[in-house]
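Please read the following account alongside the model, moving from a single position outward to the chain as a whole.

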Amino acid sequence: MRKLASIGLGLGLLVACGDSKKTEDSGPPGPDAPPACATPIAGEIVRPRLIGQTPGPAMLATSPPGDPRLFVVEQSGLIRVFIDEDLQPEAFLDISNDIVAGGEQGLLGLAFHPQYATNGQFYVFYTLSNANVVARCTVSANPARADGCAPILSIPDFASNHNGGMIEFGIDGLLYIGTGDGGGSGDPQRVAQNTSNLLGKILRIDVNNKDSGKEYKVPADNPFGNEVWMYGLRNPWRWSFDTNGDIWIGDVGQGAIEEIDVLTPSEQRGANLGWSNFEGANCFRQGMCNAGNVVMPKVGHAASDGWHAIVGGQVYRGKCYPDLVGSYFYTDNERDRIMRAQLVNGTLMTQELVGTAPGSPASIHADSRGELYLTTAQTPGRIYHLEANP
Ligand SMILES: [Ca+2]
């Protein structure tokens, strides 16, 4: 992300819909309650509705399985909690003194363990001045507060940009970690095609078991004998799994092409996504462009069309808006558009939802109900629920 912290425009887009205003603090939800989705709402016009703000840039909104709360990652190192769209006064976690934040750095990722309800574990991704860190954290006896975090994986990094930062559990229960190519420009250390280096990758680790000397286990079926699962990425800032295990990756481009990669579970192991030999489907490093071993993107958006820093999203699997189910929503950090896409016989069919994205989006991600939230890298950070309108 080249301008992650830039202040965007276009905030006058809030549309107050009669059935989708904020819940009052007391009393039963009235007709203005947020959609509980007991009655699904038809419609294909998607609008983001502002549900709240965080003091600093909001990197991601997510929640543990089955948990009605919404947890929002603040770049500065805090995790905030919303209950019924109300920001709770006390932060869930504050590791702001333990990380380096600003620009493309900070607390960037959060994933709750699939058994969070019983083991209280969650994982975060943050940056230091010279490393990207994945840490295991635990909730305290008070469910509104975390105890703290301990690093389990530290990946040396040589520049402040291109840090990846997304982490997610797959349907196999393993933790997947997205890393950038270190930074600078043009993959200067040629890490992305080097399968012994952990930068420019999707990594895959087992946090429920431990190898000797490690706080996790490298799964026996990883393709290269280390943490690497897929390689050839530049800066997979935001990505997600669909419920069938397909991975949808938004990989930020060098200046020509912003790409979306979609791989089924059987296509993922050891896949080479091309960077830095290819940028999108374009040859980037002349003489090194053997397309035969590269999984090409499903779509590439050109910088000449206003695409500069793609923000991968998620496939909608919620119950509120049946007309949106199966569609993938994504955007760009520097573009006031939300895109809707569907895979049709292996081809990504995209549709631009004109004029609907708030400024400087940082993520589109689902809560435990499958509802999608867009967060912005502004100060204050803004959190929007993506809603369909009849
Ligand atoms: Ca970096």
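**From one glycine to the whole chain**

In this predicted model, Gly-56 counts as buried because it has 22 C-beta neighbours inside 10 Å, where 20 or more are needed for that label. Gly-56 is placed in the loop between strand S1 (45–54) and strand S2 (58–62). Once its neighbours within four places in sequence are set aside, Gly-56 is in contact with Glu-74, Gln-75 and Ser-76, and also with Thr-379, Pro-380 and Gly-381.

A second position to follow from here is Leu-107, which lies 51 residues from Gly-56 along the chain, with 11 Å separating the two C-alpha atoms. Leaving aside neighbours within four places in sequence, the contacts of Leu-107 include Glu-74 and Gln-75, and these two residues are also among the contacts of Gly-56. Other contacts of Leu-107 include Met-59, Val-73, Ile-95, Ile-99 and Val-124. The largest nonpolar core has 97 residues, and Leu-107 is one of those that touch the most other members, together with Tyr-123, Val-124, Ile-167, Leu-175, Phe-329 and Tyr-330.

Turning to the protein chain as a whole, its secondary structure comes to 2 helices and 27 strands, and 48% of its 390 residues count as buried. Among contacts between residues at least 6 apart in sequence, 57% join residues at least 24 apart. The C-alpha atoms fill a box of roughly 65 × 45 × 35 Å along the principal axes, and the radius of gyration of 20 Å agrees with the value near 21 Å that a compact globule of 390 residues would have.

Notes: Residues numbered from 1 in each chain as written. Predicted model: local features only at pLDDT ≥ 70, side-chain atom pairs only at ≥ 80, totals over all residues. Core = buried A, V, L, I, M, F, W, Y, C linked by C-beta atoms within 7 Å. Buried ≥ 20, exposed ≤ 12 C-beta atoms within 10 Å, placed from the backbone. Contact = placed C-beta atoms within 7 Å. Helix = DSSP H or I, 4+ residues; strand = E, 2+ residues; numbered from the N terminus. Rg over C-alpha atoms; globule rule 2.2 N^0.38 Å.
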